[in-house]
Number of protein chains: 2
Amino acid sequence: MSDSHKYRYEHPRPALAADCVLFGFDGGELKLLLLERENEPFKNKCALPGGFVYMNETTEECAKRILLEKAGLKNVFIEQLYTYSEIDRDPRERIVSVAYYALVNRHQFELLAGRDTVRAEWYSISEIPKLAFDHNKIVKAALQRLRGKVRYQPVGFELLNEKFTLTQLQQVYEAILAAAIDKRNFRKKILGMGLLKELDEKETNVAHKAARYYRFDKKAYKELTQSGFNFEL
Amino acid sequence: MSDSHKYRYEHPRPALAADCVLFGFDGGELKLLLLERENEPFKNKCALPGGFVYMNETTEECAKRILLEKAGLKNVFIEQLYTYSEIDRDPRERIVSVAYYALVNRHQFELLAGRDTVRAEWYSISEIPKLAFDHNKIVKAALQRLRGKVRYQPVGFELLNEKFTLTQLQQVYEAILAAAIDKRNFRKKILGMGLLKELDEKETNVAHKAARYYRFDKKAYKELTQSGFNFEL
DNA sequence: AATTAATAGTGTAATTTTTACACTATTAAG
DNA sequence: CTTAATAGTGTAAAAATTACACTATTAATT
């Protein structure tokens with residue numbers, strides 16, 4: 001292209017990218033979306049979805065664009081994780097990456113799981129392969145962050161459908177924390193927060209007592225947050 | 001310079017900078033170091049110490065270098081806060097900034113307070129002026145982070161001398177949390193963590209019962225951290 | 001129609017943690 | 001020796017957390 005080498009700066013600049021640690025929940029397990037790399041370096045290795053930051057977007061907008069372009073996802077819960085700037089983290093050139101973690105709900109999860117592109121795959125977090133670049137480190141940090149987050153902010157809902165049962169919610173918490181939780185104590189606590197709205201709807205077509213559906217009460221959450229309430233689990 | 005416009009890239013890149021929110025503790029108050037800007041934009045406004053990231057340093061190394069160059073500080077506790085990438089956060093050009101927060105001990109604080117350069121000044125966090133760029137937002141986030149951090153990691157020590165009294169430590173916690181703490185409960189809790197080493201030394205030249213000095217026991221901290229212990233206050 | 005298999009849903013007592021609270025001890029100065 | 005100032009200490013009440021087991025309901029099976 002004749003226009004190449006168009007962008008000139010007085011001082012050298014690292015390239016700026018965003019990477020996304022995308023979590024889903026399926027089969028009682030926390031899952032992670034990984035892409036298989038088509039090119040060198042790390043060809044055929046798995047990596048986090050990522051890409052360069054454009055001049056007309058913030059890093060968060062970039063992360064969201066990547067989720068849309070690489071996974072077809074919109075409206076995902078996303079939060080900044082950490083910025084990685086080790087000089088040799090990419091063998092090609094200096095790339096500083098702002099990492100985000102994101103949570104997809106069941107609907108989004110199934111969309112993705114149902115695609116036939118082989119390049120994107122959900123991995124159980126207990127079976128994450130060796131990844132390209134410093135991505136294992138990023139995933140580890142994202143998991144740690146999620147584990148911390150879940151203790152003081154109601155974030156488990158993001159991994160479920162809008163309607164969910166308390167057992168499903170408990171399973172999400174158990175998957176994130178990698179620990180068993182007592183059913184009665186969990187319900188007491190989570191209902192006591194006043195963030196769940198009981199629906200007049202129950203499971204159907206289950207070969208056991210049908211569980212009631214709940215949904216997250218955003219309005220109550222906003223009000224309680226503003227009044228300084230704390231959501232420790 | 002004849003070598004200008006030397007650095008060319010296929011795609012435009014934001015400039016990358018680091019900014020530091022530097023906290024100190026004095027007079028029972030949490031303080032913040034601000035520099036008065038000498039140039040436009042925001043000439044004569046206060047701003048956080050910051051600067052561009054070199055190609056041979058990580059963003060954290062950059063933040064440390066800035067603390068050395070602009071405040072003469074070495075060996076400060078520093079931690080990444082958040083990366084700010086709003087497109088217009090700097091009126092000159094697109095600059096993405098990785099913000100860090102840092103804690104200086106009493107020795108470092110006094111060094112800085114004793115300098116005669118007018119450009120750097122400690123401000124009480126209750127009296128922070130309107131700052132350049134998006135720096136008020138960054139400071140607010142740093143305070144929030146520090147308040148969260150202090151609840152589950154022993155970080156108050158970083159703002160004191162190596163030797164400190166329990167009352168001093170309590171004052172640090174009170175300043176950070178902006179809340180009064182009960183003396184007996186604080187002592188019970190903090191001593192119960194097993195992270196303080198009681199010294200055979202007491203205050204001198206005080207017109208009241210001399211308080212015992214303690215120091216932070218790094219070794220015990222490491223061991224307890226590795227064994228998965230939790231340091232909630 | 002009765003039985004089975006599976007999960008939903010519920011309360012209480014014991015334990016632990018957190019909170020509230022007040023006086024004596026020691027130091028230097030006056 | 002008196003004063004002013006802060007260090008240092010324990011206990012009881014309240015709140016939060018934990019441990020724990022049975023009945024209810026649904027669809028499938030017989």
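**Entry 1. Contacts to the DNA**

I began with the bases of DNA strand C and found that a polar side-chain atom of Lys188(A) lies 3.0 Å from a base oxygen of that strand. I note that the model is predicted.

I then looked for a base nitrogen of DNA strand C and found one 3.2 Å from a polar side-chain atom of Arg184(B). For the backbone of the strand, I recorded Arg187(A), where an N or O atom of the side chain is 3.2 Å from a phosphate oxygen of DNA strand C. I asked which elements give two or more residues to the surface near DNA strand C. They are α5 (183-192) of chain A together with α5 (183-192) of chain B.

**Entry 2. The surface near the strand**

I counted 21 residues around DNA strand C. The closest are Lys183(A) from chain A, and Lys189(B), Val206(B), His208(B) and Lys209(B) from chain B. By residue class, this surface holds 11 charged, 6 nonpolar and 4 polar residues.

I next turned to the strand's own atoms. Of those within 4 Å of the protein, 40% belong to sugar or phosphate, and the rest belong to bases.

**Entry 3. The two ends of α5(A)**

I examined how α5(A) begins. Asp182(A) caps the N-terminal end of this helix, with a side-chain oxygen 3.1 Å from the backbone nitrogen of Arg184(A). Just after α5(A), I found that Gly194(A) takes a positive phi of about 75°.

**Entry 4. Chain A as a whole**

I listed the secondary structure of chain A and obtained 6 helices and 10 strands. Along the principal axes, the C-alpha atoms of chain A fill a box of roughly 65 × 40 × 30 Å. Of the 233 residues in chain A, 46% are buried. Chain A exposes about 12500 Å², of which carbon and sulfur atoms supply 46%.

I also checked sequence separation in the contacts of chain A. Among those between residues at least 6 apart in sequence, 64% join residues at least 24 apart.

**Entry 5. Backbone exceptions**

Most residues other than glycine have a negative phi, and most peptide bonds are trans. I therefore searched for departures from both patterns.

The peptide bond from Glu40(A) to Pro41(A) is cis, with omega near -5°. I placed Pro41(A) in the loop between β3 (29-36) and β4 (46-47) of chain A. In chain B, a cis peptide bond joins Glu40(B) and Pro41(B), with omega about -5°. Pro41(B) lies in the loop between β3 (29-36) and β4 (46-47) of chain B.

For phi, I recorded Asn44(A), which is not a glycine yet has a positive value of about 70°. Asn44(A) is found in the loop between β3 and β4 of chain A. Is Asn44(A) buried or partly exposed? It counts as partly exposed, because its relative accessibility is 48%.

I also recorded Asn205(B), again not a glycine, with a positive phi of about 55°. Asn205(B) sits in the loop between β9 (196-202) and β10 (212-216) of chain B. I classed Asn205(B) as exposed because its relative accessibility is 83%.

**Entry 6. Cysteines**

How many disulfides does a search of the whole structure find? The search, taken over all chains, gives 0. A disulfide is a covalent bond between the sulfur atoms of two cysteines.

I asked why Cys20(A) has no such bond. The closest cysteine sulfur, in Cys62(A), is 7.5 Å from the sulfur of Cys20(A), which is too far for a bond. My cut-off for a disulfide is a pair of cysteine sulfur atoms within 2.5 Å. Cys20(A) is buried, with a relative accessible area of 0%.

In chain B, I started from Cys62(B). Its sulfur is 7.5 Å from the closest cysteine sulfur, in Cys20(B), and so too far for a bond. Cys62(B) is buried, with a relative accessible area of 0%.

**Entry 7. Ser124(B)**

I located Ser124(B) in strand β8 (residues 120-124) of chain B. Is Ser124(B) buried or exposed? Ser124(B) is buried, because its relative accessible area is 7%, and the cut-off I applied for buried is under 20%.

I then listed its neighbours, not counting residues up to four places away in sequence: Ser124(B) touches Glu29(B), Leu30(B) and Lys31(B). With Lys31(B), the side chain of Ser124(B) makes a polar contact of 3.4 Å.

Notes. Residues numbered from 1 in each chain as written. Chains lettered and ligands numbered in written order. Predicted model: local features only at pLDDT ≥ 70, side-chain atom pairs only at ≥ 80, totals over all residues. Heavy atoms only, no water. Near = heavy atom within 4 Å. Polar contact = N/O pair within 3.5 Å; in protein donor to acceptor, adjacent residues only side chain to side chain. Helix = DSSP H or I, 4+ residues; strand = E, 2+ residues; numbered from the N terminus. Nonpolar A, V, L, I, M, F, W, Y, C, P; charged D, E, K, R; others polar. Buried < 20%, exposed > 50% of the residue type's maximum accessible area, 1.4 Å probe, protein only. Contact = heavy atoms within 4.5 Å. Areas by Shrake-Rupley, 256 points an atom, 1.4 Å probe, with all protein chains shown as cover.
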